[in-house]
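This briefing covers how strands and helices are arranged in one protein chain. Look at the structure first, then read the points below.

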Amino acid sequence: MKKILLIGKLNSVVKETNQFLSQYFHVQLCSENANVAEGMLKIVDPDLVLISLIGAYGIDTSIFYLLSDQYAQIPVLTIGTKEESSNFFKYYENSQFENLIRPVENTTIMEAVCRRLGVSGQEVEEEAAAEKSERAGKKRILVVDDNGTMLRTMKAMLSDRYEVAVAVSGAQAMTSIGKQRPDLILLDYEMPVCDGRMTLEMIRADEEMRDIPVMFLTAVNDRENIEAVLRLKPAGYFLKPPVKDKLTAEIDRVLYGGKEK
């Protein structure tokens, strides 16, 4: 399935667009912050970038320069009202950028996405159906880490056994969980702003999320740090960088409890 990076404020329209497109593509949500977007572009390596201009008057416009300068090969589709869109046309570079005027039907968005990707709707539907069938038996793992290299490593390490989603912060993790519930979360303990402890507290405070098993990843190997991690009673913890065989064995223990997979 093709990969789409959906940039914009998380509102009802973005949620609806994400829900619709996720039936046919791998969609990764991203805030309208240029630094976050730059990191997610490296991690996701999308085939198309979709930017929602809804309520985005404060969007970091350097995103447009980033896309045209460093990712000119990636088609960009924006969606907004005439008024919203007119504020950003000056940042568009040649045919890389295309805009759809709201209100717009999901089918029209789908047609535009397929056209920009150079594929037919039938191809997309067939590929999505095949992948859905393939991953039907796979458990979903959410990896949360502010380090892009670690996220890419973890995704490569686990993708052959599990369906892997990624998030670069605790806030983005909460959004991802709300979008599609994971079976297990691998959570970096040391993150800026909202660290692993705070993220775990948010997960446990939500009635619909609190029973999701969380395993910590930590780069600090000292007694005080390990004891602090264990006091939170996670499903497990691993020192970075984790060894693949040991990590997958521990994940399987938590997910299946020693039962046959």
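The core topic is an open sheet of 5 strands, ordered S2-S1-S3-S4-S5 with parallel pairing. The model is predicted.

**The sheet**
- Strand S2 (26-30) and strand S5 (97-101) are the edge strands, and each of them pairs on one side only.
- From one strand to the next, the twist averages 20°.
- Strands of a sheet pair through backbone hydrogen bonds, either parallel or antiparallel.
- Strand S1 (residues 3-7) pairs with S2 in the parallel sense, over 5 bridges.
- Ile7 has Cys30 in S2 as its bridge partner.

**Helices packed on the sheet**
- Helix H2 (residues 34-44) packs on the sheet and touches S1, S2 and strand S3 (48-52).
- The direction of H2 makes about 170° with that of S1.
- H5 also packs on the sheet, where it touches S1, S3, strand S4 (76-80) and S5.
- The direction of H5 makes about 170° with that of S5.

**Helix H1 against helix H5**
- The axes of helix H1 (residues 12-21) and helix H5 (residues 106-117) come within 11 Å and cross at roughly 60°.
- Because of that angle, H1 counts as oblique to H5.
- The crossing of these two helices, H1 and H5, is right-handed.
- On the H1 side, the contact is made by Glu16, Thr17, Phe20 and Leu21.
- On the H5 side, Asn106, Thr107, Ile109 and Met110 take part.
- Sorted by class, the residues in the contact of H1 with H5 are 4 nonpolar, 3 polar and 1 charged.

Notes: Residues are numbered from 1 along each chain as its sequence is written. This is a predicted model: local features need pLDDT of at least 70, side-chain atom pairs count only at pLDDT 80 or more; totals for chains, interfaces and linings use all residues. Side-chain values use heavy atoms; hydrogens and water are left out. Axes are lines fitted to C-alpha atoms, for helices over the stretch in contact, and angles run from 0 to 180 degrees between N-to-C directions. Helices (H or I, at least four residues) and strands (E, at least two) are DSSP runs, numbered from the N terminus. Angles under 35 degrees count as roughly parallel, over 145 as roughly antiparallel, 65 to 115 as roughly perpendicular and the rest as oblique. A crossing is left-handed if the near helix is turned anticlockwise from the far one by less than a right angle, and right-handed if clockwise. Contact means heavy atoms within 4.5 Å. Ala, Val, Leu, Ile, Met, Phe, Trp, Tyr, Cys and Pro count as nonpolar, Asp, Glu, Lys and Arg as charged, and the others, Gly among them, as polar. Two strands pair if DSSP finds at least two bridges between them.
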